[in-house]
Amino acid sequence: MPFQRPLQYRNLIIHAGDDSSNEDDSDDEEEEKKKKEAEAAAAKAKPKDASQIKPFYDPFNKKPVIQEPDDPTNLPEIFHNMKEDNLVQQAVKMFDALSNDGYMPEAMKLFGVIKDKSKMPDVVSHTAIVEAYCKAGRIKEGLKSFMRMQASGVKPNSYSYTVLIQGLCKAGMLEDAGKYTLEMLNNGWNPNAGTYVTLVDSYLRAKKENEMQQLLVKLKDKGFVANDQEARKHMKKMGRFNRGVMDLLFGQYK
């Protein structure tokens with residue numbers, strides 16, 4: 001008669017086999033999980049297609065990289081685009097403006113922070129917000145943003161002041177425009193031709209020639225000197241020549 005194990009032993013063997021099967025399944029699942037994690041890590045570390053990588057800005061490359069928004073009043077889209085391109089275009093505009101205004105050391109310092117530390121300076125982001133509000137015609141929000149920038153300890157540069165002052169002039173807030181032009185000079189930044197021509201032209205259009213004369217005296221006391229050639233060049237760019245602006249800047253007040 002063939003040998004038969006007692007029932008309890010047979011049950012033990014069956015259960016033992018079941019446990020072994022479960023352990024194998026568990027090992028397979030763990031192995032599969034590790035494999036997927038490794039594949040995910042490899043995919044993440046894999047370089048992007050070259051066409052998808054946005055090249056870092058080269059300040060000595062004259063190829064234009066700045067794209068102005070189609071609708072400057074569409075602030076949600078503008079702020080979204082700022083986030084998408086990491087404010088690179090704003091930094092480009094600021095770098096070019098500082099260079100053109102004769103502040104090359106400051107421009108290169110700005111470029112160095114971005115390149116060496118891979119960090120966007122706070123003045124770029126704050127000024128970008130001020131500029132967006134000004135171009136959208138919401139100058140009061142722009143002014144508040146400028147004041148918040150100063151309150152947070154971020155020092156505006158010549159481009160920051162230019163953006164604000166021209167926005168104030170466009171909105172007819174001439175007293176504030178004059179105030180920040182004086183502050184600009186106090187902080188060591190000279191207004192460029194675009195800024196002071198716009199300032200004088202705005203005062204004359206508002207029929208406030210006397211107020212502009214008084215402001216010019218204060219500006220000159222701070223060291224302001226207008227450049228005849230640059231002023232004419234800017235007015236040519238504007239498409240009109242204002243004799244009154246030239247008289248105020250280079251006439252009896254020269």
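In this predicted model, the crossing of helices H9 and H12 is right-handed. The two helices pack at an angle of about 115 degrees, and their axes lie 9 Å apart. Angles of 65 to 115 degrees count as roughly perpendicular, so H9 is roughly perpendicular to H12. On the H9 side, the contact draws on Tyr196, Val197, Val200, Asp201 and Leu204, which meet Gly244, Val245, Leu248 and Leu249 of H12. By residue class, this contact between H9 and H12 divides into seven nonpolar, one polar and one charged.

A second helix pair to look at is H7 with H8. Their axes come within 8 Å and cross at roughly 165 degrees, and H7 and H8 are therefore roughly antiparallel to each other. Here the crossing is left-handed. From H7, the contact takes in Ser158, Tyr161, Thr162, Leu164, Ile165, Leu168 and Cys169, while H8 supplies Leu174, Asp176, Ala177, Tyr180, Thr181, Glu183 and Met184. These residues divide into nine nonpolar, three polar and two charged.

Helices H7 and H9 also appear in the lining of the largest pocket, which has a volume of about 1,200 Å³. Of the 35 residues that line this pocket, Thr162, Gln166, Asn192, Gly194 and His234 are the closest to its centre. Thr162 belongs to the H7 side of the contact with H8 as well. The elements that give two or more residues to the lining are H3 (88-100), H5 (122-135), H7 (158-170), H9 (193-205) and H11 (228-238). For anyone considering the chemistry of the pocket, the lining divides into twelve nonpolar, twelve polar and eleven charged residues.

Conventions: Residues are numbered from 1 along each chain as its sequence is written. This is a predicted model: local features need pLDDT of at least 70, side-chain atom pairs count only at pLDDT 80 or more; totals for chains, interfaces and linings use all residues. Side-chain values use heavy atoms; hydrogens and water are left out. On a 1 Å grid over the protein atoms alone, a cavity is a set of points where a 1.4 Å probe fits but cannot get out, and a pocket is an open set with protein on both sides within 12 Å along at least five of seven lines; lining residues have an atom within 4 Å of a point. Grid points are joined across faces, edges and corners, and a volume is the space filled by probe spheres set on the points. Helices (H or I, at least four residues) and strands (E, at least two) are DSSP runs, numbered from the N terminus. Ala, Val, Leu, Ile, Met, Phe, Trp, Tyr, Cys and Pro count as nonpolar, Asp, Glu, Lys and Arg as charged, and the others, Gly among them, as polar. Axes are lines fitted to C-alpha atoms, for helices over the stretch in contact, and angles run from 0 to 180 degrees between N-to-C directions. Angles under 35 degrees count as roughly parallel, over 145 as roughly antiparallel, 65 to 115 as roughly perpendicular and the rest as oblique. A crossing is left-handed if the near helix is turned anticlockwise from the far one by less than a right angle, and right-handed if clockwise. Contact means heavy atoms within 4.5 Å.
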